[in-house]
Amino acid sequence: MATIQPPPVSTPILLDTGVMSLTWIAWFQSIHLKLNQGKALITMADLDMASSQDFEAGISTSIDVYEIELTNVLLSSLNSSLLLRASIDGGDNYLEASNAYGWSRQDNGSTSYTNSYHSLMLTPQTSNNQKNYEISGVIRLVDLSNDLSYKMVQWSLSYFDSSDTFQVVEGCGHIKTALPVNAIRIVPSAGSISSGTIAFHSLD
């Protein structure tokens with residue numbers, strides 16, 4: 001990727017009027033375009049009391065990386081966490097065996113880990129959870145069509161808990177199957193998704 005040089009240091013970011021310089025605006029716009037090159041929207045869903053959000057189309061053997069973007073996702077129930085599950089039959093069934101996934105997650109510096117679970121647990125399940133507090137962030141899925149025993153998933157999410165404490169969640173995990181994954185489900189562990197937007201992108 002070619003480097004995009006910023007304007008000279010002598011070029012002020014803000015003009016005397018307090019408005020940003022057009023030179024800097026053009027530079028920021030070029031950076032934004034560069035970062036989003038090759039990112040294609042597959043589908044987007046605005047949720048309203050949804051039991052889950054499934055992505056059952058658009059996963060191809062020719063694409064190595066997919067990205068799920070969450071914006072203001074609100075869960076309906078206390079003591080609920082946000083989960084990810086995968087399917088190898090186009091969404092007819094989702095892998096839910098007790099050892100189908102493994103993950104490691106940091107919640108504001110506190111680490112949780114398991115190598116055997118029925119889902120990827122994207123957010124913690126605590127009394128001070130994300131009910132009434134919206135979750136935003138990105139989940140990245142890598143090489144879903146490989147014939148290895150694992151498919152890699154990484155995520156970075158944030159929200160405020162019920163104590164108004166800002167929570168940052170960073171995690172990585174794997175889907176334990178050697179078969180191609182061709183559908184993904186985002187689902188709460190209890191209740192439903194009250195509102196929010198979830199978008200599914202491919203990255204080239």
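## A mostly-strand chain and its strand 5–6 edge

Reading from the N terminus, the protein chain runs α-β-β-β-β-β-β-β-β-β-β-β-β. That comes to 1 helix and 12 strands. Please keep in mind that this is a predicted model. The briefing starts with the whole chain, moves on to the sheet, and then visits two residues, T114 and H174.

**The chain as a whole**

- The protein chain has 204 residues, and 41% of them count as buried.
- Its accessible surface comes to about 10500 Å², with 53% of that belonging to carbon and sulfur atoms.
- Among contacts with a separation of 6 or more, 71% are between residues 24 or more positions apart.

**The sheet**

- Eight strands make up an open sheet, in the order 1-12-3-8-9-10-5-6, and their pairing is antiparallel.
- At the edges sit strand 1 (39-50) and strand 6, each of which pairs on one side only.
- From one strand to the next, the twist averages 15°.
- As a general reminder, strands of a sheet pair through backbone hydrogen bonds, in either a parallel or an antiparallel manner.
- Strand 5 (residues 101-107) and strand 6 run antiparallel and are joined by 6 bridges.

**T114, on edge strand 6**

- T114 belongs to strand 6, which spans residues 110-117.
- Across from T114 stands W103.
- Setting aside neighbours within four places in sequence, the contacts of T114 are G102 and W103.
- G102 is 12 residues away from T114 in sequence, yet their C-alpha atoms are 5.6 Å apart in space.
- The T114 side chain also reaches the backbone oxygen of S116, at 3.1 Å.
- Is T114 buried or exposed? T114 counts as buried because its relative accessible area is 18%, and the cut-off for buried is under 20%.

**H174, on strand 10**

- H174 has its place in strand 10, which covers residues 166-175.
- In the sheet order, strand 10 is followed by strand 5 and then strand 6.
- Which residues does H174 touch, not counting those up to four places away in sequence? They are A100, Y101, G102, N115, L120, Y150 and K151.
- One of these, N115, is also linked to H174 by a polar contact of 3.3 Å between the two side chains.
- G102 appears in both neighbourhoods: G102 is in contact with T114, and H174 touches G102 as well.

Definitions and conventions:
Residues are numbered from 1 along each chain as its sequence is written. This is a predicted model: local features need pLDDT of at least 70, side-chain atom pairs count only at pLDDT 80 or more; totals for chains, interfaces and linings use all residues. Side-chain values use heavy atoms; hydrogens and water are left out. Helices (H or I, at least four residues) and strands (E, at least two) are DSSP runs, numbered from the N terminus. Buried means under 20% relative accessible area, exposed over 50%, partly exposed in between (1.4 Å probe, protein chains only). Contact means heavy atoms within 4.5 Å. Accessible areas come from the Shrake-Rupley method with a 1.4 Å probe; for residues, only the protein chains shown count as cover. A polar contact is a pair of N or O atoms within 3.5 Å; within protein, one must be able to donate a hydrogen and the other to accept it, and residues adjacent in sequence count only if both atoms are side-chain atoms. Two strands pair if DSSP finds at least two bridges between them. Axes are lines fitted to C-alpha atoms, for helices over the stretch in contact, and angles run from 0 to 180 degrees between N-to-C directions.
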